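I opened this model to look up a few sites and take notes. The entries follow in the order I made them.

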Amino acid sequence: MEAGDPGVKARMGKDATLITVASTGAEADKAATPALPVTLDELVATAKECQAAGAAVIHVHIRDGRGRPTLEVARLTDTVAALRETTDLVVQLSTGGAVTDSFGDRLAVLEAGPDACSLTCGTVNFGDEVFANPWPFIRQLYARTRELGVVPEFELFDLGHIATLHRLLDELGAPAGGRVHCDLVMGVPGGMPGDAATLVQAAAALPADATWSATGIGRTSLPVMLAAMAAGGHLRVGLEDTLSYARGRPARANAELVERAAQLAQLAQRPPMTAAEARSFLGIGG
Ligand code: KMH
Ligand code: ZN
């Protein structure tokens, strides 16, 4: 397969499934969820298992020595290096961080030199908190991804975020890598609900050539995954988004959630993309 061939990339998007693992997040607590990878060694082990299970992208939040979320650039830089040494996964750093992180710290994440980053397109109520993403910050962050050649994934928690995505592309142009790839984050208390009808509406409102994955938070994980496959989307799974494998049964590991997503992708006759295919698809390093 030739990287950079638009025909190949388009076919790959329809014939294969991009699986992202969101392994850690900023919210879950290691004491309550022992399977959560919070040290670098745990993250690397998780990444290797998830690649073997069918993931091609890892969405990364890191923790400090006490297991608390951090955006320390030196630690992020070491994390990117370790994941590159031990896996082929596309390394996507979170610029969302935790709801308490400053805009300056979130912007500085890009200095750690990832392949890709998340970029949330609007403010959203987040349980009892607010995940703040005002327009000037979104614009500044997006402009910096373009300067540095970091491929953004547009995180959309609500239909209004899609309007902001259109505005961003209209004002600043196409992203690094050329592909507009989005993630519908559904079922956050305060964001759009995680159901099939909402997913179809959201996917229809995206820019014409955009590709997208979807993730359902908590108990919306399964309905969103099934709806995303039926609607031609890609998948994000992992302990950042759901701590359960089934009702009343905690997930044993991120890889277990990836395995199930990969089985579903096989069943749908759109098998998981390899990491190399994902790089070509997303326009990373091409
Ligand atoms: N932790 C949430 C407040 C992202 O990674 O870009 C934001 C979040 C989104 O997880
Ligand atoms: Zn995240």
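**Entry 1: Glu240 and the zinc ion**

I began with Glu240, which sits in the loop between β12 and β13. I keep in mind that this is a predicted model. Next I listed what Glu240 touches. Leaving out residues up to four places away in sequence, I found Ala22, Ser23, Thr24, Gly25, His59 and His61. Two polar contacts went into the notes. The side chain of Glu240 makes one with the side chain of His59, at 3.3 Å. A polar atom of the Glu240 side chain also lies 3.5 Å from the backbone nitrogen of Gly25.

Which residues coordinate the zinc ion (ligand 2)? I read off His59 through NE2, His61 through NE2 and Glu240 through OE, at 2.1 Å. Along the chain, these donors follow the spacing H-x1-H-x178-E. His59 lies in strand β2 (residues 57–60) and Glu240 in the loop between β12 (234–237) and β13 (244–246), so the pair ties together parts that are 181 residues apart in sequence. Are His59 and Glu240 buried or exposed? Both His59 and Glu240 are buried.

**Entry 2: Ligand 1**

I then listed the surroundings of ligand 1. His59, His61 and Glu240 are among them. The others are Glu27, Ser94, Gly96, Gly97, Val99, Ser118, Thr120, Phe126 and Phe131.

I looked up the polar pairs one by one. A polar side-chain atom of Ser118 is 2.6 Å from an oxygen atom of ligand 1. For Ser94, an N or O atom of the side chain is 2.7 Å from a ligand 1 oxygen. Gly96 uses its backbone: an N or O atom there lies 3.4 Å from an oxygen of ligand 1. How much of ligand 1 does the protein bury? Ligand 1 exposes 300 Å² when taken alone, and the protein buries 97% of that.

**Entry 3: The nonpolar cores**

I turned to the largest nonpolar core, which has 70 residues. Phe154, Cys182, Leu184, Leu199 and Trp212 touch the most other members. Helix α9 (residues 254–267) gives the most to this core, with seven residues. I also noted a second, separate core of 13 residues, including Leu18, Ala56, Val90 and Ala116.

I listed the contacts of Phe154, setting aside neighbours within four places in sequence. They are Leu119, Cys121, Tyr142, Leu165, Leu168, Leu169, Pro175, Val180, His181, Cys182 and Asp183.

From that list I followed Leu168, which is in helix α6 (residues 159–172). Leu168 has 0% relative accessibility and counts as buried, because the cut-off is under 20%. With the same neighbours set aside, Leu168 is in contact with Leu119, Trp135, Ile138, Arg139, Tyr142, Phe154 and Gly173. I checked the pair with Trp135: the two are 33 residues apart in sequence and 9.1 Å apart in space, C-alpha to C-alpha.

**Entry 4: From α9 to α10**

My last stop was Gln269, in the loop between α9 and α10. Its phi is near 60°, a positive value in a residue other than glycine. I noted this because most residues other than glycine have a negative phi. Gln269 is exposed, with a relative accessible area of 68%.

Which residues of helix α10 (residues 275–282) are buried? I found Ala275, Ala278, Ser280, Phe281 and Leu282. Gly283 follows α10, and the phi of Gly283 is positive, near 75°.

Note on methods
Residues are numbered from 1 along each chain as its sequence is written. Chains are lettered from A and ligands numbered from 1 in the order in which they are written. This is a predicted model: local features need pLDDT of at least 70, side-chain atom pairs count only at pLDDT 80 or more; totals for chains, interfaces and linings use all residues. Side-chain values use heavy atoms; hydrogens and water are left out. Donors are N, O and S atoms within 2.8 Å of the metal (3.2 Å for Na, K and Ca); water is not among the atoms, so sites may look incomplete. Helices (H or I, at least four residues) and strands (E, at least two) are DSSP runs, numbered from the N terminus. Buried means under 20% relative accessible area, exposed over 50%, partly exposed in between (1.4 Å probe, protein chains only). A nonpolar core is a set of buried Ala, Val, Leu, Ile, Met, Phe, Trp, Tyr and Cys residues joined through side-chain atoms within 4.5 Å. Contact means heavy atoms within 4.5 Å. A residue is near a molecule or strand if one of its heavy atoms lies within 4 Å of it. A polar contact is a pair of N or O atoms within 3.5 Å; within protein, one must be able to donate a hydrogen and the other to accept it, and residues adjacent in sequence count only if both atoms are side-chain atoms. Accessible areas come from the Shrake-Rupley method with a 1.4 Å probe; for residues, only the protein chains shown count as cover.
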